[in-house]
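Here's a quick briefing to get you oriented. Have a look at the structure first, then walk through the points below.

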Amino acid sequence: MLDRRSILFSLLVLGAGLEAGFGAALPFDEAGFEAAQAAGRPILVAISAPWCPICKAQKPILARLSAEPRYKDLALFEIDFDSQKPLVRRFGATMQSTLIAFKNGKEVGRSVGETQPEWIESLLEKTL
């Protein structure tokens, strides 16, 4: 039987993992982004901030969806809203919690502040 301390510790570890970006998202890398585009891979760029509650809600949804077989080729890149301002401007984002979908090197969809799993999935579908 789990005691309260064990449960709290488990939740803390899980929360730290999500906070650290565990899942499929990689820090944005220009070479990796260009390689994914050149290979024709579906791409999702997530612009987030560690203090953003919406971003924290999006991360486990994106991790779960990107683990599904149909998204096995999805390249998921994360841009930090606070420390990577040139990239934020480059992608035309005005706030954190922005998700930008690419297919064949072209932007095919964008979402800001979305936390409904089915809507995020709909955005990812546009990349396939």
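**Strand E2 and its surroundings**

Ile 47 in strand E2 has Thr 98 in strand E4 as its bridge partner. Keep in mind that this is a predicted model. The points below start with E2 and its neighbours, then move on to a pair of helices.

**How E2 pairs up**
- E2 (residues 43–48) and E4 (residues 98–103) run antiparallel, with five bridges between them.
- E2 also pairs with strand E3 (residues 75–80), this time in the parallel sense and over six bridges.
- In that E2–E3 pairing, Leu 44 sits opposite Leu 76 of E3.
- Put helix H3 (residues 53–66) together with E2 and E3, and you get a right-handed β-α-β unit.

**How buried E2 is**
- Six of the six residues of E2 are buried, so the strand is largely enclosed by the rest of the structure.
- In a regular strand, side chains alternate between the two faces of the sheet.
- On one side of E2 you'll find Ile 43, Val 45 and Ile 47, and on the other Leu 44, Ala 46 and Ser 48; all of them are buried, so both faces are covered.

**Where H3 meets H5**
- The axes of H3 and helix H5 (residues 117–125) come within 10 Å and cross at roughly 50 degrees.
- That angle makes H3 oblique to H5.
- The crossing of these two helices, H3 and H5, is right-handed.
- H3 brings Gln 58, Ile 61, Leu 62, Arg 64 and Leu 65 to the contact, where they meet Pro 117, Ile 120, Glu 121 and Leu 124 of H5.

Definitions and conventions: Residues numbered from 1 in each chain as written. Predicted model: local features only at pLDDT ≥ 70, side-chain atom pairs only at ≥ 80, totals over all residues. Heavy atoms only, no water. Buried < 20%, exposed > 50% of the residue type's maximum accessible area, 1.4 Å probe, protein only. Helix = DSSP H or I, 4+ residues; strand = E, 2+ residues; numbered from the N terminus. Pairing = 2+ DSSP bridges. Right-handed = clockwise from strand over helix to strand, strands pointing away. Axes fitted to C-alpha atoms, helices over the stretch in contact; angles between N-to-C directions. Parallel < 35°, antiparallel > 145°, perpendicular 65-115°, else oblique. Left-handed = near helix turned anticlockwise from the far one by under 90°. Contact = heavy atoms within 4.5 Å.
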